[in-house]
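Me: New structure for me. Walk me through some of it, please.

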Amino acid sequence: MKTYGLFIDGKWIPSKTGKIFETKSPGTGEVLAMFPQGTKDDVIKAIDAAEKAFPKWKKHPAPKRGEIIFKAASIMREKKDELGSTVSQEMGKIIAEGKGDVQESIDFLEYIAGEGRRLLGETTPSELQNKFCMTVRQPIGVVGCITPWNFPTAIPCWKLGAALISGNTVIFKPASLTPLCAAELIEIFDEAGLPAGVLNFVTGSASTVGNEIVENPRVKAISFTGGVSAGVDVYTRAAKYLKSVEVELGGKNPQIIMDDANTNLAIEGVLFGAFGSQGQRCTATSRLIVHEKVYAEVIDNLVKRTNVLKIGDPLDPTVNVGPVASEDQLKTVLNYINIGVKEGARLICGGKRLTGGIYDKGFFVQPTIFEAKHGMRITKEEIFGPVLSVMKVKNYEEAVKIANDVEYGLSSSIYTKDVNLAFRAIEDFETGITYINAPTIGAEVHLPFGGIKNTGNGGREAGTTAIDEFTEIKTVFIDYSNILQKAQIEESSRNM
Ligand code: UN1
């Protein structure tokens, strides 16, 4: 059993207290590795190292920074299977999705490595003669990246890749459920040749490690992905120091099936969207809104297809659904199933924890479907598990009204062959991401990712927007006229 340290100033070191915690497989309960319970002092040490490394890293030309990130991507490519298995073992998503998580990491690192040759600013004309105007991007300094367990390699790579290419040095705190995936990333960045102190890794609790990252004024920007209440807490506490903060939070993502849709395709889509990664994606489909004309047919087929999904060991390639990520997660999901039943939603599929044999060792819950009425808690609150609420509607207008009547706004989907309706949906859905004839999951790294309403605070990760949260814009005026030129001052009064 390996006991990891903290990674500070280019070295793996133990935490001062010597306290450790275990990371376990949610499928088998097996302990996979041990990690230090980091302290406030550990974070301060990491900040010292990151501050010391910053001036040199900032001066390291961005394309050269890109070469290191590109190298990390190619090492990751070689280790894709191994790392994909770690993702599945530690987080519980099935192996195809574990490898997908790693592929998304590789894709993003390759994409953002190229950003080293762009990091674009603007040039514009001046209102005065012989004067040149432009903007350049500069790194912010020491930044904090706090990541969730549901995409244990991809989301860290979105944040670390964008922070590093922009020239920042980083304090990285992974979720305590998936530190092993994170540690393997650190080893890869180290092997790729990242200089000491540029990327520092501190494991431990949100209340100690996370708190110090958020509250220490020397950490200039925070990138956080997680739940809404934690996100609000991070955002408000960091506000005291006027830190730049980007939070990516929850979702209650709807898929609409219209009466003209290819219903088989739509059902395949919702199975993947609702039960992929056991519904533990911010983008998971948790509401299915179906036109009354195809409702009976959709329900019938959906239930048939859900009932044959194979639930089990996420490393078994024939398995469709793995365990949920933790005992807490299991409790939350079962609690919501209970709430649904009590609210009077009709349970039409699943609804139980699986027991007996291998199931006793892990946190396995059946993919669950309710026929629900809009307004019930299960149709409004983020469950983050394999629970789908299906609702019947008369027409498109009613569907959109229900789709939008939640606090979140991350992803949405509509299945229709009507091109006019598809374009109306793009305009009408109150979400940051909309899919036409595809499920609510499956974002690609070269496009912006994020949401509106309580899903975030306005930023977008990935895509051309990835570097926005990690760069300051400097506006530059270069006057080559050899005279004092005055902007905004009328010609006639230019005599001073
Ligand atoms: C998340 O759900 O937290 O859209 C991130 C997707 C992924 C990213 C999701 N590629 O499914």
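**Helices and a sheet**

Me: Which residues of α7 meet α8?
Reply: Asn211, Val214 and Glu215 in α7 meet Val234, Arg237 and Ala238 in α8. Contact means heavy atoms within 4.5 Å; helices (H or I, at least four residues) and strands (E, at least two) are DSSP runs numbered from the N terminus.

Me: Anything to know about the source?
Reply: The model is predicted, so local features need pLDDT of at least 70 and side-chain atom pairs 80 or more, while totals for chains, interfaces and linings use all residues. Residues count from 1 along each chain as its sequence is written, and side-chain values use heavy atoms, without hydrogens and water.

Me: Back to α7 and α8. At what angle do they cross?
Reply: Roughly 40°, with the axes of α7 (206–215) and α8 (228–239) coming within 9 Å. Axes are fitted to C-alpha atoms, for helices over the stretch in contact, and angles run from 0 to 180 degrees between N-to-C directions.

Me: Now the sheet. What is the strand order?
Reply: β14-β15-β16-β13-β12-β18-β19, seven strands in an open sheet with mixed pairing (strands pair with at least two DSSP bridges).

Me: Which strands are at the edges?
Reply: β14 (346–349) and β19 (433–436). Each has a single partner strand, so one side of each lacks a neighbour in the sheet. On average, neighbouring strands are turned by 25° against each other, direction ignored.

Me: How do β15 and β16 run, parallel or antiparallel?
Reply: Parallel, and four bridges join β15 (368–371) to β16 (387–393). Glu371 has Val390 in β16 as its bridge partner.

Me: What packs on them?
Reply: Helix α11 (327–343) touches β15 and β16, and its direction makes about 20° with that of β15. Helix α10 (292–307) lies across β12, β13, β14, β15 and β16, at about 140° to β13.
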